[in-house]
Amino acid sequence: MQDILKELGESRIINAAGTLTRLGASPIDQEIAAAMAMAAAWSVDIAQLQGRASTMIARATGAEAGVVTAGAMAGLLVGSAACIAGLDPVKMARLPDTDGLRNEFIVARGHRNSYDHGVRAAGARLVEVGLPDRSTACGVRDTEAWEIAAAISERTAGVLWLARPNAQPALESVVQVAHAAGIPVLVDAAAELPPAGNLRRYIEAGADLVVFSGGKSLGGPSASGILCGRRPLIASALLQQLDLDYRYEEWDPPAALIDKRALPGVPRHGIGRSCKVGKEQIVGLLVALDRFLRESDAARNERFAQITSALEQALATLPGLSLRPTCDSHSGLRVLEVRLAGTPAAGRSAPNAASAPNAADTPLDACALAGRLRTARPAVHVDATAADQGRLVLVPTCLSLADVGRVRDAFAAAMSGTSGPSGAFAWI
Ligand SMILES: *Cc1c(COP(=O)(O)O)cnc(C)c1O
């Protein structure tokens, strides 16, 4: 095939920043891409395919059921919609209008984040409780389970819990107070893989619904994710996501998931129809999940550690850089920290937009270096979150060994202030 990106006037970038959605998320392995291409060429009953997906996701997570969603955030949307509407087609049809319905999600204040827009999009209102004194270093405590218990009322539809290492309050204690009041707990574990054990961990702790991103470490399509949990909630989520343009008599939903006889009629297109999932996403996610489970955490870490070591060796040949392999505190992955040699650890104190590639009179600092790498050909993107502290991080998850030389060349050009390597870029 021709280089489709070139035809579109775009070019591939070298992504040393991690599985970021804005950089195309995870590159899809050949095995997954081939399965997606095959599925793309067929017609298939999407509901029945989701029924198969449910069985596979249940096996992988220990949950009663699961569906493929259009990403973890879409999982938050249809998962919340399930908590609010249950299996009532009239309530489903009303969302996001939740006047008079149980529509509140209780959330520890420190768990608020940009992705909870997915919950609010279902029509939910977030009720924040507690204070994250621990993370603001104003104290030693975070929100506690009793504060969640105290906020539960007849308007509560669910509790939202953001999975992070050492998240407080502990999920078990949240589940305890929520279940005592008959309230489901929705866990956002979008970015918590690996370790693979986390696929089961939150369900084991009693969560009623859990979302994972398909486009991060699972290595699936960017617009895919998993929502798993209790069968009636998953059935509701799926009903609100499927295209349901059927007459009741001809409708044949996956029986293990949806009991047609328990419904007064076929629900209208629900709120999740806006984030529908195609056959390619479903198949891609399932093959990615299977591949993820076939590789051990140790083998995966080793595969990435090899790329990080190769980056270190390649960049060590360049003068002016100080390198430090380190473990990412969240994923445990081996990443490479890069500083400009001789720059103090503090670096510049505030982010500065002046990352003009060839501004020879501006002394090169980490922000400017990241800017030059981005304008190299091919462009190299690094994790520049801590660039204002003089630190760039190279993350191996979206790189192959073949990219290492290109990263080195881009650094060499950026350090010397030239505009970058030739610009020629061969597909591997
Ligand atoms: C990445 C992320 C999401 C969104 O995942 P998508 O699959 O891209 O929709 C949601 N929540 C958290 C905490 C995330 O890190």
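Let me start at the ligand, where one of the ligand's oxygen atoms sits 2.6 Å from an N or O atom in the side chain of Ser-213, and please keep in mind throughout that what we are looking at is a predicted model. The side chain of Lys-216 also takes part, with an N or O atom 2.7 Å from an oxygen atom of the ligand. Met-73 contributes through its backbone instead, since a backbone N or O atom of that residue lies 2.9 Å from a ligand oxygen. Taken on its own, the ligand has 380 Å² of accessible area, and the protein covers 88% of it.

Which residues are found around the ligand? Going along the chain, they are Thr-21, Gly-71, Ala-72, Met-73, Tyr-115, Leu-162, Asp-188, Ala-190, Ala-191, Ser-213 and Lys-216. If we sort this shell by character, six of its residues are nonpolar, three are polar and two are charged.

From the ligand I would like to move to the helices, and to begin with α4, which covers residues 72-85 and packs against α11, residues 231-239, at an angle of about 115°, with the two axes 8 Å apart. The crossing of α4 and α11 is right-handed. On the α4 side the contact is made by Val-78, Ala-81, Ala-82 and Cys-83, while α11 brings Leu-233, Ser-236 and Ala-237. Of the residues in this contact, six are nonpolar and one is polar, with no charged residue.

There is another helix pair to look at, namely α13, residues 297-316, and α15, residues 404-416, whose axes come within 9 Å and cross at roughly 35°. Here the crossing is right-handed. Ile-307, Ala-310, Leu-311, Ala-314 and Leu-315 are the α13 residues that meet Val-404, Val-407, Arg-408 and Phe-411 of α15. How does this contact divide into nonpolar, polar and charged residues? Eight are nonpolar, none is polar and one is charged.

Finally, let me turn to some details of the backbone, for which it helps to recall that most residues other than glycine have a negative phi, and that most peptide bonds are trans. Between Gln-168 and Pro-169, however, the peptide bond is cis, with omega about -5°, and Pro-169 belongs to the loop that runs between β5 (156-162) and α9 (171-180). A cis bond also leads from Leu-193 to Pro-194, where omega is near -20°, and Pro-194 is placed in the loop between β6 (185-188) and α10 (198-204).

Where, then, is Ala-25 found? Ala-25 is in the loop between β1 (14-16) and α2 (30-40), and its phi is near 55°, which is a positive value in a residue other than glycine.

Note on methods. Residues are numbered from 1 along each chain as its sequence is written. This is a predicted model: local features need pLDDT of at least 70, side-chain atom pairs count only at pLDDT 80 or more; totals for chains, interfaces and linings use all residues. Side-chain values use heavy atoms; hydrogens and water are left out. A residue is near a molecule or strand if one of its heavy atoms lies within 4 Å of it. A polar contact is a pair of N or O atoms within 3.5 Å; within protein, one must be able to donate a hydrogen and the other to accept it, and residues adjacent in sequence count only if both atoms are side-chain atoms. Accessible areas come from the Shrake-Rupley method with a 1.4 Å probe; for residues, only the protein chains shown count as cover. Ala, Val, Leu, Ile, Met, Phe, Trp, Tyr, Cys and Pro count as nonpolar, Asp, Glu, Lys and Arg as charged, and the others, Gly among them, as polar. Axes are lines fitted to C-alpha atoms, for helices over the stretch in contact, and angles run from 0 to 180 degrees between N-to-C directions. Helices (H or I, at least four residues) and strands (E, at least two) are DSSP runs, numbered from the N terminus. A crossing is left-handed if the near helix is turned anticlockwise from the far one by less than a right angle, and right-handed if clockwise. Contact means heavy atoms within 4.5 Å.
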